[in-house]
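Colleague: Hi! Could you walk me through this one before I set anything up?
Modeller: Sure, let's have it on screen and go through it together.

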Amino acid sequence: MPELLPVPDLVERILATVSPLPDFPQPLMEALGLALAEDVEAPISLPGFDNSGMDGYAVTYADVATASEETPVHLPVVGEIGAGQGGLMALSPGTAAKIMTGAPVPAGCDAIVPYEWTDRGVAKVQISRAPGRGQHIRAAGEDVTEGDLLLEHGTVLGPRHLGLLAAVGRATVRCRPRPRVVVISTGSELREPGSPLGRDSIYDGNSYLLAASARAAGAIAYRVGIVPDDPRTFTDALSDQLVRADLVVTSGGVSEGDFDVVKEALSSLGSVWFGGVAMQPGKPQGFGTVGDDRTPIFTLPGNPVSAYVSFETFVLPAIRRMMGKLPYSRPLTRARLTHPITSPPGRQQMVRASYDSDRGGAFVTPVGGHGSHLLGDLAASDAIVVVPPETTGISAGEMVQVLRLDEDF
Ligand SMILES: Nc1nc2c(c(=O)[nH]1)N[C@H]1C(S)=C(S)[C@@H](COP(=O)(O)OP(=O)(O)OC[C@H]3O[C@@H](n4cnc5c(N)ncnc54)[C@H](O)[C@@H]3O)O[C@H]1N2
Ligand code: MOO
């Protein structure tokens, strides 16, 4: 029997073959979820100028320092400054100006009295409570100083980052784009969901499983229809798709069967490796490049759980490398196993499981059987216990390595 390739060896080969996509300036909303390909320095300070934190009156602190309910202070109101209105540039001692939240503080003003501490007078104002010196003035640069390093290269941009970038005036940022992932299902037994099903056919679940996984990983996924078990049709479909693909994922047709179309069509190219990997499920694999642009292609096994586990293990790191997202592989976390596991020697077992954590720690419970056709059990899982190839059994209560499938990283 040919030797099985260790999982880390194939991951290494994939990462050496797949390159990060070239970065370019992207409008902010397009950049959500993308990795920054530049260090961003603040082009301006925030706030950009001293401004009021309250609707109220701009005053000179010394004029109102003694104001109280018993001994209110009265000041003439000399103007009004709204947000976005340059208006009054300077305030003379002994006067007050109405000022709104966000409006620039005039020179000479060193405190703001909120409306609630006054009679809201228009021509003159009665102030019955004293602010502290500088109170309710938001100082220029107290948040962000021009030239500060705001966001580092590699940061995956979320809503808060985009808000900050917009606030300092950036309309675009350099990011690596989302890879375009083409997903092809092969198999003459496959039917599109919604269409009639014959006695010997099944619905194509894999292209949805894999396209959704690709989209969840940040890629743009194109789900191509079903390709029957005919090498010529498969080759034609693949060449049609290459124009829009940064990466291709197929499922089915890679093991030892008489109709294993993917293997038959691609083997002669010499640029795609086919073989067994020391993983269960997900033993039969293929990886290489196709077409003039040497587009990476992953030929995953057809059994749905095998296809999914293979995507998580091999395709996800490739998509993340293209996008410049680190780490490439989903991080392993530790949890206590609630039920025993057995595992065949020599293959890294990927056990469907459900993860739970409470104050007593993290726990993981195997879900369903080993069969790689058990899609119901897969959907009921949110984790995979990774059992190393040399391990043949783990008792309940032992700590194990776990992939949490729905966690962002
Ligand atoms: N003689 C051997 N037979 C098999 C071996 C082997 O080593 N020797 N390996 C088994 C393992 S492990 C796997 S995994 C599968 C992989 O087979 P293929 O990649 O060639 O996939 P198919 O034969 O086309 O299909 C397998 C299975 O999955 C169903 N399938 C395929 N595509 C879809 C889809 N889009 N949606 C839902 N289900 C799909 C298909 O109907 C088959 O039941 O090979 C074993 N055999
Ligand atoms: O590797 Mo197959 O993927 O065990 O079912």
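**Helix 4 and its surroundings**

Modeller: Let's start with helix 4: its buried residues are covered by elements that include strand 12 (180-186), strand 15 (220-227), strand 16 (247-251) and helix 7. Keep in mind that this is a predicted model.

Colleague: Which residues of helix 4 are buried?
Modeller: In helix 4, which spans 206-216, they are Asn-206, Ser-207, Leu-209, Leu-210, Ala-211, Ser-213 and Ala-214.

Colleague: And what does Gly-218 do just after helix 4?
Modeller: Gly-218 takes a positive phi there, about 110°.

Colleague: OK, the core next. How many residues has the largest nonpolar core?
Modeller: It has 77 residues, and Ala-214, Val-249, Ile-319 and Val-385 have the most contacts inside it. Helix 7 gives the most to this core, with 12 residues.

Colleague: What is Ile-319 in contact with, leaving aside neighbours within four places in sequence?
Modeller: Ile-319 is in contact with Pro-179, Val-181, Ala-214, Ala-217, Gly-218, Ala-219 and Leu-247. There is also a second, separate core of 24 residues, with Val-73, Leu-88, Val-125 and Ile-127 among them.

Colleague: Switching to the backbone: where are the cis peptide bonds at Pro-281 and Pro-327?
Modeller: One runs from Gln-280 to Pro-281, with omega near -5°, and Pro-281 sits in the loop between strand 18 (279-280) and strand 19 (284-290). Another runs from Leu-326 to Pro-327, with omega near -10°. Pro-327 is in the loop between helix 7 (304-323) and strand 21 (332-337).

Colleague: Which residues surround ligand 2?
Modeller: Gln-280 and Pro-281 are part of that shell, along with Gly-282, Lys-283, Pro-301, Asn-303, Ser-306 and Ser-372. By class, the shell has 2 nonpolar, 5 polar and 1 charged residues.

Colleague: Back to phi. What is the value at Arg-120?
Modeller: Arg-120 has a positive phi of about 60°, although it is not a glycine. Arg-120 lies in the loop between strand 7 (111-114) and strand 8 (124-127).

Colleague: Is Arg-120 buried or exposed?
Modeller: Arg-120 counts as exposed, because it has 12 C-beta neighbours inside 10 Å.

Colleague: And His-136, what is its phi?
Modeller: The phi of His-136 is near 65°, again positive in a residue other than glycine. His-136 is in the loop between strand 8 and strand 9 (137-138).

Colleague: Buried or exposed, for His-136?
Modeller: His-136 is buried, because 20 other C-beta atoms lie within 10 Å.

Colleague: Why do you pick out spots like these?
Modeller: Because most residues other than glycine have a negative phi, and most peptide bonds are trans.

Definitions and conventions
Residues numbered from 1 in each chain as written. Chains lettered and ligands numbered in written order. Predicted model: local features only at pLDDT ≥ 70, side-chain atom pairs only at ≥ 80, totals over all residues. Helix = DSSP H or I, 4+ residues; strand = E, 2+ residues; numbered from the N terminus. Near = placed C-beta within 6 Å. Nonpolar A, V, L, I, M, F, W, Y, C, P; charged D, E, K, R; others polar. Contact = placed C-beta atoms within 7 Å. Core = buried A, V, L, I, M, F, W, Y, C linked by C-beta atoms within 7 Å.
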